[in-house]
Amino acid sequence: VETPGQKTDQYYALAQRLLKRGVPLNGIGFEDHMDITHSYPPVQMTATMQRFARLGVQVQITEADVQLQNSHASTQEKLKRQAQIYTSLVHSCQAVSQCNAITIWGFTDRYTWIPEYTHHADQPLIFDTQYRPKPAYNAIRDAFLHKQ
């Protein structure tokens, strides 16, 4: 439900109904399983998070990863684009005062879930298979150190 649309509207309406009935809904999590070949504009993510936050709940990015496998670009270009997308996620969270967490869905490419799911090798996380930081790690660190 990261971007505007029917699915997002349905989840928003559900959250409204639950809150109106007094159900203790404290937060909404956004799964961000993205791909460097098609990601959504960060402004849309920020707007959607703000929309839910206006309900009085916390918002979190709960499952972030950025797939590389669908691009034919060079490895260096893929890693650069991946870092940009991770940076956008951090900035979206920073832009919403009720966003209190970002969880990356794993930390090393050695144990990512994606190849098992897609049947293609991938490098979606912030550390490579040898546990070395990738450009995405540095980009996330820099985004936290230099808040927009």
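## An aromatic cluster and the fold around it

Phe107, Phe127, Tyr131 and Tyr137 come together as one aromatic cluster. Keep in mind as you look around that this is a predicted model.

Let's begin with the rings. Across the whole structure, a search turns up six aromatic pairs. One of them joins Trp113 and Tyr117: their ring centres are 5.3 Å apart and the planes meet at 55 degrees, so this pair is tilted. Another is made by Phe127 and Tyr137, also a tilted pair, with 5.1 Å from centre to centre and 50 degrees between the planes. This pair links distant parts of the chain, since Phe127 lies in the loop between helix H4 (114-118) and helix H5 (135-145), while Tyr137 belongs to helix H5, 10 residues apart.

How open to the surroundings are these four residues? The table lists the relative accessibility of each one, together with the class that follows from the value.

| Residue | Relative accessibility | Class |
|---|---|---|
| Trp113 | 28% | partly exposed |
| Tyr117 | 62% | exposed |
| Phe127 | 17% | buried |
| Tyr137 | 30% | partly exposed |

The cut-offs make the classes easy to follow: buried means under 20%, exposed means over 50%, and partly exposed lies in between. Phe127, at 17%, is therefore buried, and Tyr117, at 62%, is exposed.

A ring can also have a charge as its neighbour. The charged end of Arg51 sits over the ring of Tyr12, at 4.0 Å from the ring centre.

Now step back to the fold. The protein chain contains five helices and three strands. Following the sequence, you meet them in the pattern α-β-α-β-α-β-α-α. The three strands build an open sheet, ordered S1-S2-S3, with parallel pairing. Which strands stand at the edges of the sheet? They are strand S1 (27-35) and strand S3 (99-104); each has a single partner strand, so one side of each is left without a neighbour in the sheet. From one strand to the next, the twist averages 20 degrees.

Strand S2 (residues 58-67) is joined to S3 by four bridges, and the two run parallel. To find a spot where these strands face each other, look for Ile61, which stands opposite Ile102 in S3.

Helix H5 deserves one more visit, as Ala143 is found there. Is Ala143 buried or exposed? Its relative accessibility is 3%, so Ala143 counts as buried. Leaving aside residues up to four places away in sequence, Ala143 touches Thr87, Val90, His91 and Gln94. Asn70 gives a different kind of reference point: the C-alpha atoms of Ala143 and Asn70 are separated by 26 Å, and the two residues are 73 residues apart along the chain.

Finally, consider the chain as a whole. For 148 residues, a compact globule would have a radius of gyration near 15 Å; the protein chain has 16 Å, so the value agrees with that expectation. Taken along the principal axes, the C-alpha atoms fill a box of roughly 50 × 35 × 25 Å. Of the 148 residues in the protein chain, 39% are buried. Contacts tell you how the chain folds back on itself: among those with a separation of 6 or more, 68% are between residues 24 or more positions apart.

How values were computed:
Residues are numbered from 1 along each chain as its sequence is written. This is a predicted model: local features need pLDDT of at least 70, side-chain atom pairs count only at pLDDT 80 or more; totals for chains, interfaces and linings use all residues. Side-chain values use heavy atoms; hydrogens and water are left out. Rings of Phe, Tyr and Trp (its six-membered ring) pair if their centres lie within 6.5 Å; planes under 30 degrees apart count as stacked, over 60 as edge-to-face and the rest as tilted. Buried means under 20% relative accessible area, exposed over 50%, partly exposed in between (1.4 Å probe, protein chains only). A charge sits over a ring if NZ of Lys or CZ of Arg is within 6 Å of the ring centre and within 35 degrees of the ring normal. Two strands pair if DSSP finds at least two bridges between them. Axes are lines fitted to C-alpha atoms, for helices over the stretch in contact, and angles run from 0 to 180 degrees between N-to-C directions. The radius of gyration is taken over C-alpha atoms; the globule rule is 2.2 Å times the number of residues to the power 0.38. Contact means heavy atoms within 4.5 Å.
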